[in-house]
Amino acid sequence: MIRAVIFDFDGTLANTLPLCYESFRRAVKELVGREPSNEEIEKCFGPDDLGVIRLLLPENPELHTKGKELFLKYYETWHTDLADKLYPHVEEVLRKLQQKGVRIAMVTGKAWESTEISLRHYGLEKYFTIVETGSPDGGIKPQKIKEVLRKLELSGAEALYVGDALSDIDACKQVPIRIASVGWGEGVNLEALKARNTDYILQYVEDLPILVESL
């Protein structure tokens, strides 16, 4: 029986990746006059916001703290323009899970500051009472998922993780916990998810409560 669902954030609940790309790009440009591409930025994903800035500006450690501050400024300023809405039916599904007594938590690689900005923007604070965020030193999702399970006093068999990335599948295997990979995000490669041996693929957000009930 699934008693808790743990969600990723970027690309899972909302298409915030364009916002992330643009905010990192503007921060780097303001500091050193260079505009990194989406591909360059994406290669740095894994650590949190400060960690990404460190990887984008490896030769400028004195600029890292300022870079994070600028990223957060642009992330909040451009949120409405570049990531105004959740994916369709996300809040409806969160409400349905909550009404069924399923605990809801979040584990994201983002830093707390940008996570809090998005939770507030989308009005999601009431759903996520437990939120674990990333580290500037690298990806720590397995540890954070285990921390959520500890706080909820649940085993991995009693919970389900929902995420969009191949790295989410790898992280869940380390816990271990089952993962439902999302098929509704921008540019999702379903064949790549299958090849990584994800447990389930959800084509639509509305399929999640059905899956939870079946487990």
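**Open pocket, closed cavity**

Student: What is the lining of the largest pocket made of, by class?

Tutor: In this predicted model, its residues divide into 17 nonpolar, 14 polar and 13 charged.

Student: What makes Leu-17 nonpolar and Asp-164 charged? Both are in that lining.

Tutor: Leu is on the list that counts as nonpolar and Asp on the charged list, so the residue type settles the class. Leu-17 and Asp-164 are among the residues closest to the pocket's centre, along with Phe-45, Ala-165 and Ser-167.

Student: How many residues line the largest pocket, and what is its volume?

Tutor: It has 44 lining residues and a volume of about 950 Å³.

Student: Which element gives the most to this lining?

Tutor: That is α9, with five residues. Helix α9 spans 166–174, and other elements that give two or more residues include α1 (17–32) and α8 (141–152).

Student: Why is the other space called a cavity and not a pocket?

Tutor: A pocket is open, whereas in a cavity a 1.4 Å probe fits but cannot get out, so a closed space gets the name cavity. The structure holds one cavity of 30 Å³ or more, and about 50 Å³ of space lies in the largest cavity.

Student: What makes Val-90 and Trp-184 lining residues of the largest cavity?

Tutor: Lining residues have an atom within 4 Å of a grid point of the space. Val-90 and Trp-184 are both in the cavity's lining, so each has such an atom. Helix α6 (residues 90–99) gives the largest share, three residues.

Student: Which classes make up the cavity's lining?

Tutor: Eight residues are nonpolar, one is polar and none is charged.

Methods:
Residues are numbered from 1 along each chain as its sequence is written. This is a predicted model: local features need pLDDT of at least 70, side-chain atom pairs count only at pLDDT 80 or more; totals for chains, interfaces and linings use all residues. Side-chain values use heavy atoms; hydrogens and water are left out. On a 1 Å grid over the protein atoms alone, a cavity is a set of points where a 1.4 Å probe fits but cannot get out, and a pocket is an open set with protein on both sides within 12 Å along at least five of seven lines; lining residues have an atom within 4 Å of a point. Grid points are joined across faces, edges and corners, and a volume is the space filled by probe spheres set on the points. Helices (H or I, at least four residues) and strands (E, at least two) are DSSP runs, numbered from the N terminus.
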